[in-house]
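Trainee: I would like to go through this model term by term, and ask at each point what justifies the word that is used.
Mentor: Then let us put each value beside its cut-off and draw the conclusion from there.

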Amino acid sequence: MSRLWPIVRREYLERVRSKAFIIATVLGPVLMGGLMVIPALVAGKAGKPLRLSILDDSGALAAPVEFQLARLRRDGNPRFVIDPPPSGPPEAREHGLKTAVIEGRLDGYLHLPADSLQNASASYFGRNVSNMIDLRMMEDAVSDTLVGLRLAGAGLDPIKVRDLTKKVDLKTIRLTAEGEREDRGAGALFSITLLMMLYTTVLMWGQAVLTGVIEEKSNRVVEVIVSSVTSTKLMAGKLLGVGAVGLTQFLVWVLSLAAVSVLGANFGAGSLAHMPEVTFLLLASFVLYFLLGYLLYSALFAAVGASVNTTQEAQSLAFPVFMPLVVGVMFFPMVLNAPDSTLSTVLSLIPLLTPLLMFLRITVQVPPMWQIALSIVLTGASIAGVLWVAARIYRVGILMYGKRPTFPEILRWVRSSG
Amino acid sequence: MSTDDAIRLTHVAKSFSGHSAVKDLSLAVPRGSVFGLLGPNGAGKTTTLRMVMNILAPDNGTIEILGAPAGPRSRDRIGYMPEERGLYPRMVLEEQLLFLAEIKGTPRREAARRLPAWLERLGLADWAKRKVNELSKGMQQKAQFIATVLHEPEVLVLDEPMSGLDPVGMDNMRHVLLDLKRQGTTLILSSHQMETVERLCDRVVLIDRGEKILDGRVSDVKKEHGKNTLVLAFDGDGSFLASLPGVGGITHFGRHVEIRLTEAADPQILLREATARLRVSRFEIVEPSLHDIFVARVTAHGKAVA
């Protein structure tokens with residue numbers, strides 16, 4: 001053990017001190033957060049109110065529509081400012097409005113044709129027609145007005161009708177042993193986010209092991225190392241060191257997330273209240289399945305790294321190694337929809353898929369304990385087997401230079417004794 | 001079994017997927033000696049050294065290091081500088097050297113205590129905090145050497161210790177090696193630089209195609225090959241020399257030639273022929289150089305095997 005420690009420490013310190021790690025660790029959450037939060041903030045920010053005119057061919061609709069639009073608010077401010085349309089014959093008015101829009105005096109105008117009330121048709125002419133939220137508000141306002149007028153025309157009371165036809169607001173509440181919690185679809189999004197994080201980190205640190213092995217091999221330092229410690233110790237030290245770097249990164253992320261939550265709560269940011277709860281079970285299983293996935297895949301990556309001479313050569317061999325990870329991600333919608341179906345259960349017990357799919361199931365609906373235990377045992381056994389094979393490939397491969405070995409040659413390495 | 005030998009190989013063999021790299025090799029390196037392991041490229045030197053370092057296990061035979069079978073324990077007592085140098089390029093030199101001593105079982109603090117003297121001695125004191133890839137090739141070579149000796153091994157195995165060094169560096173290295181020898185360290189050098197081997201080594205073993213073809217003290221080996229070499233320096237066209245009776249072969253060295261004489265040759269006749277046709281400035285009968293012995297033996301062995 002005394003020889004393992006320096007290797008783990010070197011591997012850990014060299015990586016944690018590197019600029020790449022610091023950038024990835026600090027910038028990762030900032031970028032992720034930025035990608036998710038900034039568009040939401042920008043889309044949510046309304047900006048200046050829209051200046052509109054209403055071109056009403058019938059002459060009877062402009063007033064009620066204007067009344068409806070003027071009432072609408074966004075971020076506490078009136079959203080629409082209605083300018084009176086120019087006077088004159090219809091063509092001249094329309095021409096005047098178009099000019100006003102193009103010259104920027106108006107943001108747009110609403111055209112209500114003479115048959116609006118009968119055919120429920122209306123058009124909006126504007127410089128910008130991609131502002132979905134504003135357009136939806138406008139559409140609802142015009143629609144409500146027209147429906148109200150039609151109901152009144154049929155002798156019905158619009159307010160009474162609205163009360164009677166009120167739609168159901170389906171609340172979704174997630175029931176767990178710990179209690180209940182309202183969940184508005186953030187749960188699925190959260191599961192997918194965690195799944196993608198798991199996928200990315202397992203792949204990222206597995207690849208780090210791969211390139212680390214290739215670098216040691218190509219700058220020939222490996223022969224110096226294995227004249228001091230066994231190749232198995234070198235491999236073990238590398239896997240542990242890189243794994244510890246991965247855990248450090250998570251720790252930084254979890255702490256910064258916690259800090260952000262606390263700050264957010266202090267600033268009274270409402271959106272965080274809708275964030276799904278990060279339970280201890282979730283954190284623990286994330287770390288556990290990360291470690292299982294990381295060890296399984298990085299041992300395979302170490303064997304690949306030892307069998308090749310350059311990163312280019314590694315590409316073709318590395319692909320079949322991480323293929324199961326991609327497959328695991330592809331199965332996520334199915335597992336999300338039916339986390340306890342037979343197929344989900346079977347898939348999540350296949351060791352190469354377990355780290356992603358069993359974890360996903362835990363985030364959606366905690367599976368029976370025996371399944372979790374079985375997944376850990378099966379994956380653990382596979383890791384032991386893969387480590388054994390990888391160590392043998394590694395032992396021979398790190399001293400082999402030149403032609404890339406064929407698959408039968410690699411098998412012979414596994415079987416060889418010395 | 002004698003424990004006077006630092007390293008003893010007995011009937012060692014190793015093959016890789018059908019190709020035998022080392023065949024039935026036996027040799028002994030006495031403690032405190034400077035031992036040259038010679039051989040052409042592909043002779044099996046690196047494989048032999050890797051087996052001594054317990055990186056590879058022999059298929060047959062036994063390897064003893066300082067009286068005990070080669071194993072994980074014995075390799076801590078050996079310092080190994082492989083032919084292909086290897087250091088982590090982006091690692092700070094000092095960190096790197098401490099790490100390499102640590103994995104040889106030397107406590108970090110102890111290694112840190114020894115390090116400054118070695119850096120000073122090899123002229124790297126100002127580079128301790130620099131990354132290895134900022135060092136010149138010669139400096140990396142010296143750094144690699146420190147990595148080999150920092151854990152104070154009893155046996156040093158150096159593959160081409162002089163390569164990449166300028167003449168000053170070579171002289172310095174030679175002094176360092178002789179100091180280590182004086183302190184009782186056993187040195188095993190594998191080199192193609194015959195001049196280095198001749199100046200430093202007490203004993204040599206020559207291997208070719210995995211077999212030992214020569215073994216003994218350098219002085220004995222040379223004596224055994226007799227005083228059959230003629231050094232001749234001259235002005236003029238010496239191309240006729242090759243056709244004179246008794247000339248076995250000529251090696252040109254620019255300003256002089258070395259002539260290998262056959263058994264029956266009479267050097268006096270050769271001298272007379274030469275003075276008659278050339279301006280001779282030097283004429284000397286010497287022992288053959290290790291270089292010539294190497295070439296002659298390997299060539300003969302190649303023919304015998306073929």
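Trainee: What is the mean pLDDT of chain B, and what share of its residues reach 70 or more?
Mentor: This is a predicted model, and in chain B the mean pLDDT is 89, with 99% of the residues at 70 or more. pLDDT is the predictor's confidence on a scale from 0 to 100, and where it is low, the predicted coordinates should not be read in detail. For the model there are two further scores, an ipTM of 0.81 and a pTM of 0.75.

Trainee: How many helices and strands does each chain have?
Mentor: Chain A has 17 helices and eight strands, whereas chain B has nine helices and 14 strands. The C-alpha atoms of chain B fill a box of roughly 70 × 45 × 35 Å along the principal axes. Of the contacts with a separation of 6 or more, residues 24 or more positions apart account for 74% in chain A and for 67% in chain B.

Trainee: What makes a residue count as buried, and what percentage of each chain is buried?
Mentor: A residue is buried if 20 or more other C-beta atoms lie within 10 Å of its own. By that count, buried residues make up 33% of the 418 residues in chain A and 38% of the 306 residues in chain B.

Trainee: Why is Val366(A) called partly exposed?
Mentor: Val366(A) has 16 C-beta neighbours inside 10 Å, and since buried requires 20 or more and exposed 12 or fewer, the count falls in between and Val366(A) is therefore partly exposed. Val366(A) lies in the loop between helix H15 (354-364) and helix H16 (369-397) of chain A, and its C-alpha atom is separated by 8.9 Å from that of Pro339(A), 27 residues away along the chain.

Trainee: Why are H15(A) and H16(A), on either side of that loop, called roughly antiparallel?
Mentor: Their axes come within 11 Å and cross at roughly 170°; because angles over 145 degrees count as roughly antiparallel, H15(A) is roughly antiparallel to H16(A). Thr354(A), Pro355(A) and Met358(A) of H15(A) make this contact with Ile372(A), Ser375(A), Leu378(A) and Thr379(A) of H16(A), a set with four nonpolar, three polar and no charged residues.

Trainee: What makes the pair H14(A) and H15(A) oblique?
Mentor: Helix H14 (residues 342-349) of chain A packs against H15(A) at about 135°, with the axes 7 Å apart. That angle is neither under 35 degrees, nor over 145, nor from 65 to 115, so H14(A) and H15(A) are oblique to each other. On the H14(A) side the contact has Ser344(A), Leu347(A), Ser348(A) and Leu349(A), and on the H15(A) side Thr354(A), Leu357(A), Met358(A) and Arg361(A); by class, these are four nonpolar, three polar and one charged.

Trainee: What is the phi of Arg220(A), and where does this residue lie?
Mentor: Phi of Arg220(A) is near 65°, a positive value in a residue other than glycine. Most residues other than glycine have a negative phi. Arg220(A) is found in the loop between helix H8 (186-218) and H9 of chain A, and with 16 C-beta neighbours inside 10 Å it counts as partly exposed. Glu160(B), also not a glycine, has a positive phi of about 50°; Glu160(B) sits in the loop between strand E7 (155-159) and helix H5 (167-182) of chain B, where a count of 18 C-beta neighbours inside 10 Å makes it partly exposed.

Trainee: How many residues of each chain are in contact across the interface, and which helix of chain A gives the most?
Mentor: 19 residues of chain A are in contact with 21 residues of chain B. Helix H1 (4-16) and helix H9 (221-226) of chain A each supply at least two residues of the side of chain A that touches chain B, and H9(A) gives the most, with six residues. That side has nine nonpolar, five polar and five charged residues.

Trainee: Which residues touch the most other members of the largest nonpolar core?
Mentor: Of its 137 residues, these are Ala299(A), Ala302(A), Val304(A), Ala390(A), Leu97(B), Ile146(B) and Ile188(B). Helix H11 (residues 280-307) of chain A provides the largest share, 15 residues.

Key. Residues numbered from 1 in each chain as written. Chains lettered and ligands numbered in written order. Predicted model: local features only at pLDDT ≥ 70, side-chain atom pairs only at ≥ 80, totals over all residues. Contact = placed C-beta atoms within 7 Å. Helix = DSSP H or I, 4+ residues; strand = E, 2+ residues; numbered from the N terminus. Nonpolar A, V, L, I, M, F, W, Y, C, P; charged D, E, K, R; others polar. Core = buried A, V, L, I, M, F, W, Y, C linked by C-beta atoms within 7 Å. Axes fitted to C-alpha atoms, helices over the stretch in contact; angles between N-to-C directions.
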